[in-house]
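Work through the exercises below with the sequence and the model open side by side. Each task is followed by a solution in steps.

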Amino acid sequence: MKLKTTSLLQIVALILVISPLTLPAQVRDIVPLQSGWKFITGDNLEYAAPGFDDSRWQAIRVDESWDPQGFEKLDGFAWYRIKVVIPSSLKAAAHLKDGLRVFLGKINNFDQSFLNGRLIGMNGSAAAGNEPLDDAFTKADNNTYEKDRIYVLPVDDPPILWDKENVIAVRVFDAGGLGGMYSGDGGLRRAGSGACTAATAACAWSPSPIISPRTPPPGLSSSAAGRLPSRSWSITRRRFTL
Ligand SMILES: [Ca+2]
């Protein structure tokens, strides 16, 4: 009888060990980025630096544009920042050498996005690593506001601080009408398939300069903030009210 009880306990213990309920960190495969964002108007590349003090920035939602959140007439530059712990469970859940997917949803109109001070993508395309941090990204295609921003990083990418606080900063330029992050469905998760390492082209990504708090904004003209693209928006303006 004692032997049977012992066996039963062993079975129960085994079930507990293999149950996902006992391993919440290991089965967690997405970290939402749907709340906790902070916001400031204007433009300063130092905002990308992870050590920048954003304690005086205001909270903002990303499930609708900034216009109905007190910035109805704001066009031009603004920044979003969020601090997030990236659990190594995302890496553990990934296939060997799989990637980390940084999904920021849709952004009206244009973006340059940074992880811990490093440019990881802009306007929906992974950063090639040599993009100038000027305002050229503000002159992209009119339909850019409809594009999901998905930036895939290698899991061995140095800017990712596993199990520590990371800072995602998004430099946004609104060309008119509604502006800002607005789809509210962002999150971090492992990439679905395919090897993605810093040494492969699978990520379509290579390192770019890291911005430190003491680095002066490179290549940013003082007149960049608030300046509209040179093309006329009068005919297509309605498109940006979506
Ligand atoms: Ca717009």
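**Exercise 1. Two asparagines in loops**

Task: Decide whether N116 is buried or exposed, and do likewise for N123, choosing between buried and partly exposed.

Solution. The model is predicted, and the counts below are computed from it.

Step 1. Count neighbours around N116: 22 other C-beta atoms lie within 10 Å. The cut-off for burial is 20 or more, so N116 is buried.

Step 2. Do the count for N123: 19 other C-beta atoms lie within 10 Å. Because burial needs 20 or more, N123 is classed as partly exposed.

Step 3. Place the two residues. N116 sits in the loop between strand 6 and strand 7 (118-122), and N123 sits in the loop between strand 7 and strand 8.

Step 4. Check the backbone. N116 has a positive phi of about 50° although it is not a glycine. N123, also not a glycine, has a positive phi of about 55°.

**Exercise 2. A cis peptide bond**

Task: State which loop holds N109 and what the geometry of the peptide bond from N108 to N109 is.

Solution.

Step 1. Locate N109 in the loop between strand 5 (99-108) and strand 6 (110-115).

Step 2. Read omega for the bond from N108 to N109: the value is near 5°, and the bond is cis.

**Exercise 3. The seven-stranded sheet**

Task: Give the strand order of the open sheet, name its edge strands, and follow the pairing of strand 4 on both sides.

Solution.

Step 1. Seven strands make up the open sheet, in the order 3-2-4-10-6-7-8, with antiparallel pairing.

Step 2. The edges are strand 3 (58-59) and strand 8 (125-126), each of which pairs on one side only.

Step 3. Take one neighbour of strand 4 (residues 76-85). Strand 2 (residues 38-41) pairs with strand 4 in the antiparallel sense over four bridges. In strand 4, A78 is the bridge partner of T41, and W79 is the bridge partner of I40.

Step 4. Take the other neighbour. Strand 4 and strand 10 are antiparallel and pair over 10 bridges. I82 stands opposite I168 in strand 10.

**Exercise 4. The largest nonpolar core**

Task: State how many residues the largest nonpolar core has and which strand gives the most to this core.

Solution.

Step 1. The core has 47 residues; among those that touch the most other members are Y80, L100, V102 and A169.

Step 2. Elements giving two or more residues to this core include strand 5, strand 9 (148-154) and strand 10 (165-174).

Step 3. Strand 10 gives the most, with six residues.

Step 4. Inspect A169. Leaving out residues up to four places away in sequence, A169 touches Y47, A48, W79, R81 and F114.

Step 5. Set this against the whole chain: buried residues make up 34% of its 242 residues. As general background, nonpolar side chains in soluble globular proteins tend to be buried together.

**Exercise 5. The partners of strand 12**

Task: Find which residues of strand 12 (residues 187-190) are on the covered face, and which residues stand opposite L188.

Solution.

Step 1. L188 and R190 form the covered face of strand 12, and G187 and R189 the uncovered one.

Step 2. Strand 1 (residues 30-32) runs antiparallel to strand 12 and is joined to it by three bridges; V31 stands opposite L188.

Step 3. Strand 5 also runs antiparallel to strand 12, with four bridges; here V102 stands opposite L188.

Methods
Residues numbered from 1 in each chain as written. Predicted model: local features only at pLDDT ≥ 70, side-chain atom pairs only at ≥ 80, totals over all residues. Pairing = 2+ DSSP bridges. Buried ≥ 20, exposed ≤ 12 C-beta atoms within 10 Å, placed from the backbone. Core = buried A, V, L, I, M, F, W, Y, C linked by C-beta atoms within 7 Å. Contact = placed C-beta atoms within 7 Å.
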